[in-house]
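Q: Could you take me through a few features of this model, giving the general idea before the particular case?

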Amino acid sequence: QVFTFNRVEIRVQPSVKVKNGAPMSIICHADISKNTDFQLKHNFTIFKDGKLVFMTVSDKEDARYEIPVAKSSDTGDYECTVKADGKLSFSNSIYVWVAGMTKPILTADKKEVLEGEVVKLRCELPEEVPPLEFFFRKIKTNSAPKEKRVPEQNQNFSEVEYYVEEGDNILQFDCFGKRQVRSGWESSQHSNKTLVTVKEPFIKPTLITGPSSNVTEGDQIEFECSTVVAQMRDIEIILQKNRTILNSIRDKKFLKYSTVATQEDSGEYLCKVEQGAVSKTTKLNVFVSELFPKPTLSASMTKLDESKDLILSCSINGFRRANFSIVRKGSHEDILLKNSRVLAMKVNVNDTGSYTCKAEVKGIVKESKPLRINVYAPVSKPTLSVVSGSPEVILGKPLQLICHSVMGTPPITFTFYKGDEVRKNVTNDTYAIFLDEDIGLNDNGGYKCDARNNHSSGVKTSNILNVTVIVQVRNASLGSVPYGEVEVGSDTAFLCSVKEGSWPIDFKFFKKTDHEVLLHEVREYSDRTIWHKKTMKRKDTGTYYCMASNRASMDVRSHPITIHVILAAWQKGVIAAFVLTAIAGAGAIALWWFLRKKKKAKGPSMEMSGSALAPNLTSEKLTRQPSDGNYYSGSGYIEDNENHMKSTDESKGPDLESAEVDYTEVEVSTLDPHRAPEQKGTETVYSEIRKTNN
């Protein structure tokens, strides 16, 4: 028994789009090929959105999942599997849309409510599955419905509360639902309409004025606000004008308020009754006729010099029978000057300020617009100075000047001049500052300033300010005579100079060591200075530099120079003589040593001939210098030499062999091992001394 699945397919009857409430069938079909005709058991399984909804076993190749009443919740993706004798096959997925939703059910917790209360509504879609969206509507006569949207993710019903407002007499509510399908959103039918009756807790208030509707300034005006209340509990009546509360009362049905009418009392009045969340209002416009116009204050002059006469007068156009007073406005309170229409006064600067006049008729007081009076004291002669204090400025730097007047009523206008040219006008209280950024080398004076105010005395001018322009020191250089090498003990002249700079200039000379050493400083009214350093020593060898500065307070440093202090010519000669003497001495010693060695070689042949003189000379032995083994001196040598010199003079002759020969015995110390073979002990040697004239 051999078989194979050709395919498994799923289909819907009557179609993939079914109307809500209609019957629907999901059919799973297995197309199987067999080698013989034999019975085969099929296990059919149908899934919706991945969840098992139907399963059956049949020997037929079809299985039907019947849905007698289709609901919107039956919308989804369907697929089926068929299993037979260990083999399994799947169908493709098919989307089924059950169009339309069930009609929602709406209920209200109250059928009758008061204004300000809350109605709780419940809307339910019993045959639908979440997620869903619910829409509630509040319907009033002659107005558009107010709608509220409430999404629900986990339940098929929703609840909402509606506030009952003023004027909600008869209300109707309904609801509907929506769900999201593959093609978009699908809506249900609207629910049944629920009727709710609304009652007023109190009626709209009434607002009246008395005793007459025609009100003139000075009349007594009375306001009365009243209402009818169902329950006298937490009731409040408020009277307002332009957001200002004039009076209020609680737990009463009416409110009264009275005042003397003024023109400012014209306007809109509002009576408001509140109870809980309910509020009802009534408006009333009131017009108060003018009894007399506002007074006008005039002055003989509004700007005048101190000690001048000022006349203030108050008047009402077309109306003279009033009580007048003239006052001066103060920061905290007004100052009454005179109860009269006219005020005459001699002014000083303290009288500067704002003045008004007041007029009273039948208890109604009106005030004029303020009038500003300015009294001026003359400006004093201004002083012009440099802000930094010193009348100097560095070339290229800005110059800041201040012009100041000790006396004078502000505002004061200051004018700055550079030469005869106006550079700036400044209006301030007592001083002004001027910045000159264009300073030239020849700008050494010519600054002045003027000061003036509204006093009739006119302009005051400062003295001329002369400003010195300081040129900064630039390009310092250092030289010396002699330059480079200086003999010990000689003098050296150091010259420090600058290319430019205002005098006086401070010069400083330094020598570089581990730290800077100041050697000399001087102030010169020149662009250079010379410093003579006496008696140079070897330790004065080194690197030198100089620094220059002036009132611009900027040090300029020169390039360094190097001085070598060397030996003088006579010192070099002494050293050379000493060296030559040392060389000659060394040669003499070498010659003596050579002759001694030669004499030692002839010693046995000369021993007998010298024996007769030996006793006379042995007592005159040379003494050895302890500090040098190669240098000798002694009195015996000098005397013997003199005797020989004399003997030579007495027996002159060219034949050297006929010259007299003396012999002496000397002690010899051990020689330098580098110069001759080592000798130990004391030896007796003989030397020849020929007596000659030289």
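**Rings, charges and a sheet**

A: At 0% relative accessibility, F173 is classed as buried, and this is a value computed on a predicted model.

Q: Which cut-off makes a residue with that accessibility buried?

A: A residue counts as buried when its relative accessible area is under 20%, and F173, at 0%, therefore falls in that class. Y162 is likewise buried, because its relative accessibility is 5%.

Q: How should I read the geometry between Y162 and F173?

A: Two things are read from a ring pair, the distance between centres and the angle between planes, and angles that are neither under 30 degrees nor over 60 count as tilted. Y162 and F173 are 5.3 Å apart from centre to centre, with 50° between the planes, so the pair is tilted. The pair joins distant parts of the chain, with Y162 in strand β15 (residues 157-163) and F173 in strand β16 (residues 170-181), eleven residues apart.

Q: How many aromatic pairs are there by this rule?

A: The count comes to eleven aromatic pairs. One of them is formed by F3 and F5, whose ring centres are 6.1 Å apart and whose planes stand at 80°, so that this pair is edge-to-face. F3 is buried, with a relative accessible area of 5%, and F5 is buried as well, with a value of 15%.

Q: Which residues do ring pairs link into a cluster?

A: Ring pairs can share members, and here they link F494, F509, W531 and Y544 into a cluster.

Q: Where does a charged end sit over a ring?

A: For a lysine, the general idea is to ask whether NZ is within 6 Å of the ring centre and within 35 degrees of the ring normal. The charged end of K448 sits over the ring of Y417, at 5.2 Å from its centre, and K280 lies over the face of F202, at 5.5 Å from the ring centre.

Q: What is the strand order of the open sheet, and is the pairing parallel or antiparallel?

A: An open sheet is read by following its strands across from one edge to the other, and in this three-stranded one the order is β19-β21-β24, with antiparallel pairing. The edge strands, β19 (206-210) and β24 (254-260), each pair on one side only. Neighbouring strands of this sheet are turned by 15° against each other on average, with direction ignored. Strand β21 (residues 220-226) pairs with β24 in the antiparallel sense over seven bridges, and the bridge partner of Q220 in β24 is V260.

Notes:
Residues are numbered from 1 along each chain as its sequence is written. This is a predicted model: local features need pLDDT of at least 70, side-chain atom pairs count only at pLDDT 80 or more; totals for chains, interfaces and linings use all residues. Side-chain values use heavy atoms; hydrogens and water are left out. Two strands pair if DSSP finds at least two bridges between them. Helices (H or I, at least four residues) and strands (E, at least two) are DSSP runs, numbered from the N terminus. Axes are lines fitted to C-alpha atoms, for helices over the stretch in contact, and angles run from 0 to 180 degrees between N-to-C directions. Rings of Phe, Tyr and Trp (its six-membered ring) pair if their centres lie within 6.5 Å; planes under 30 degrees apart count as stacked, over 60 as edge-to-face and the rest as tilted. Buried means under 20% relative accessible area, exposed over 50%, partly exposed in between (1.4 Å probe, protein chains only).
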